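Q: Hi! Could you walk me through a few parts of this structure?
A: Happy to, let's have a look.

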Amino acid sequence: MPETNRKYLLAQRPDGKPDRDTFELVEEDVPDPNPGEVLVRTLYLSVDPYMRGRMDAGESYADPWEVGDPLQAAVVGEVVESNGAGFEEGDVVTGNLQWADYATARGSDLQRVNPDLGPISTALGVLGMPGRTAYFGTREVAQPKAGDTFVVTGAAGAVGSVAGQIAKQAGARVVGFAGSDEKVEFLEDELGFDAGINYKTTDDYGAALEEAAPNGVDSYFDNVGGPITDAVFSKLNVDARVAVCGQISMYNAQEMPTGPRKLGKLIETRATVEGLLVQDFMSRFEQATRQLGEWVAEGEIQYRETVTEGLENAPDAFLGLFEGENIGKQLVKVGEREE
């Protein structure tokens, strides 16, 4: 085991879009686990859009990082030392740890990863937080049913790609917005979506929806917000259900755009709009992971991972989320599991 440990700190708060200056890579001694803790060597590190909000000082559903704080993320790692924490050397675990080669954590804050369910990286994607978000957001909030039209934004991402497939299982017509022709092809040819819309080459979202969803929108899973959501709201049917999961189009905005007023459409349609935080379903996480694992094993749910090699490249992987560079779950591979 090396004597030094690399980790990332929040170097400064971004003014609008983050850049490389937002991150500082430092080296320190590998930490020793205190009683009840383990030392974990990072194998895979997750980067997710919600982390952008933690870089600001304002209030959000996740506590902000202070300048100089270590950045944190969902990690899959290998236990290399346990100090009475209920784990053994070699166990593969997941938890919220630092952007680092090595990190300590209390045993109570970690969960074992079952490699029989799929590759260990899937504990950060289709069998982890993104998959569970899609599972509960689709089944419990958006609630598509047979014959409905279901629209999802960020459709080629870790959450949207699973949400659309779950809606398809329910018998809905599924329409996904994504940011390239390659992603649209992924949605239609690999995931079985009925229609994909490349929002970067579409001048009129309303017209594109009129073609892809001629019977209106019954169920909407929103990961993006902004003008696309304005267009979808105009197509909502009576008793439509809207799950608001993310608003990535506005995360780097220095001033919140006002945009057209669309709430009047809710009076006409009696639609339901509900915010979604997967933590609200924590008591049922095991249920979701088990079901998602079965679907993946049976080929009912397809997934893709975009993997960036090396901890030193983690900031680039994070910044790429806002350029739409990933298909499926964006991961950073930090280390190899020791045999």
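A: A definition to begin with: two strands pair if DSSP finds at least two bridges between them. Keep in mind that this is a predicted model.

Q: Okay, so which residue in β5 does A74 stand opposite?
A: A74 stands opposite N96. Strand β4 (residues 72-83) and strand β5 (residues 92-98) run antiparallel, joined by seven bridges.

Q: And how many bridges join β3 to β4?
A: Eight bridges, and β3 (residues 37-46) also runs antiparallel to β4. Y44 is found opposite V76 of β4.

Q: Switching to helices: which residues of α4 are buried?
A: In α4, which covers residues 181-190, they are K183, V184, F186 and L187. Seen down the helix axis, these buried residues fall within an arc of 155°, so they line one face of α4.

Q: What do they pack against?
A: The buried residues of α4 pack against α3 (158-169), β9 (173-178) and β10 (195-198).

Q: Which exposed residues sit on the face turned away?
A: D181, E182 and D189 are carried there. Just after α4 comes G192, with a positive phi of about 85°.

Q: Where is Q143, another one with positive phi?
A: Q143 is in the loop between α2 (129-142) and β8 (149-152). Its phi is near 50°, and Q143 is not a glycine.

Q: What about R270, is that exposed or buried?
A: R270 counts as exposed because its relative accessibility is 51%, and the cut-off is over 50%. R270 lies in the loop between α7 (264-269) and β13 (272-275), with phi near 55°.

Key
Residues are numbered from 1 along each chain as its sequence is written. This is a predicted model: local features need pLDDT of at least 70, side-chain atom pairs count only at pLDDT 80 or more; totals for chains, interfaces and linings use all residues. Side-chain values use heavy atoms; hydrogens and water are left out. Buried means under 20% relative accessible area, exposed over 50%, partly exposed in between (1.4 Å probe, protein chains only). Helices (H or I, at least four residues) and strands (E, at least two) are DSSP runs, numbered from the N terminus. The arc is that of the directions from the helix axis to the C-beta atoms. Contact means heavy atoms within 4.5 Å.
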